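Here is a briefing on one protein model. Please look over the sequence and the fold before reading on.

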Amino acid sequence: MLQAANISYAHRKFSILEGIDVSVNPGELLVIVGPNGAGKSTLLSVLANELAKGADPVLFKKKTFKQWDDKELAHNKAKFSQSNTSDIPLSVSDVVMMGRYPYFNATPSKTDNEAVQTAMEETDVAALQGRDYNSLSGGEKQRVHLARVLCQLDNEVSEKLVFLDEPLNNLDVLHQHRILDTIKNFTKRGNTAIMVLHDLNLAAQFADRVMLLKKGKIVAHDVPGNVFTREIISRVYNFPCTICPNPVNQNPLIIFGI
């Protein structure tokens, strides 16, 4: 689905990423984790073609991003950013409808309206659809933008790709799990998701594979059980932890401070 080799990136001569190799398959949820300043969001932006990274291209479905038609690419790939414009003088449904802009010129179709409604229901903002976006709480705004991204990829294209940068910010426990279930179901349909998370236990519970970064380099890239070990996590985060089986799926459960 997506492949890149030897990704390096520097800003004002300060190295942020160094020698990163990434390969993600259809139907896979890859979660990128690591301490603050590890380069997680920068890597996601490079992979999503938002930052120039040098001569080595990122291949999406075996094509560089330059080889894609812009409209076709918008039907295949979407990205949720952790920073969104705070002042949007539109209703919630109008903000979500922005995700359908690649599909119509002036007036949305019945299909577009249905995609918006489905996305709002998945993210639990359907009851807010008539509200002024600017009147919402931080968590509600977060879910509105998630709905916008999800409805962008509501189409018949096979093997779509979504990038998500800290999609759980400001969300309560219920909505964290609801959003992760939605993303997991998206990948079960043969699509791919690459997501940045801080919560290691949620990463362990939902990810198919985990990439652990520290200071712009890969420390481990494997299934959760091989990444989330006591030795690796204690060393990377410089804080003691204990690993035990998660009763939900037997993946690692990390308890810090022990």
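The points below cover a sheet, a helix packed on it, two backbone outliers and one buried glutamine. The model is predicted.

**Sheet**
- Four strands form an open, antiparallel sheet, in the order β2-β1-β4-β5.
- Its edges are β2 (14-24) and β5 (63-64), each of which pairs on one side only.
- Strand β1 (residues 2-11) runs antiparallel to β2, and seven bridges join the two.
- A10 has S15 of β2 as its bridge partner.

**Helix on the sheet**
- Helix α1 (residues 40-47) lies across β1 and β2.
- The angle between α1 and β2 is about 55°.

**Positive phi**
- Most residues other than glycine have a negative phi.
- N49 is not a glycine, yet its phi is positive, near 70°.
- N49 sits in the loop between α1 and β4 (59-60).
- N49 counts as partly exposed because its relative accessible area is 45%, between the 20% and 50% cut-offs.
- K61, also not a glycine, has a positive phi of about 55°.
- K61 belongs to the loop between β4 and β5.
- At 26% relative accessible area, K61 is partly exposed too.

**Q142**
- Q142 is part of helix α5 (residues 138-152).
- Its relative accessibility is 7%, so Q142 counts as buried; the cut-off is under 20%.
- The Q142 side chain reaches the backbone oxygen of N169 at 3.5 Å.
- Beyond its neighbours within four places in sequence, Q142 is in contact with F80, E166, P167, L168, N169 and L171.

Technical notes. Residues are numbered from 1 along each chain as its sequence is written. This is a predicted model: local features need pLDDT of at least 70, side-chain atom pairs count only at pLDDT 80 or more; totals for chains, interfaces and linings use all residues. Side-chain values use heavy atoms; hydrogens and water are left out. Buried means under 20% relative accessible area, exposed over 50%, partly exposed in between (1.4 Å probe, protein chains only). A polar contact is a pair of N or O atoms within 3.5 Å; within protein, one must be able to donate a hydrogen and the other to accept it, and residues adjacent in sequence count only if both atoms are side-chain atoms. Contact means heavy atoms within 4.5 Å. Two strands pair if DSSP finds at least two bridges between them. Axes are lines fitted to C-alpha atoms, for helices over the stretch in contact, and angles run from 0 to 180 degrees between N-to-C directions.
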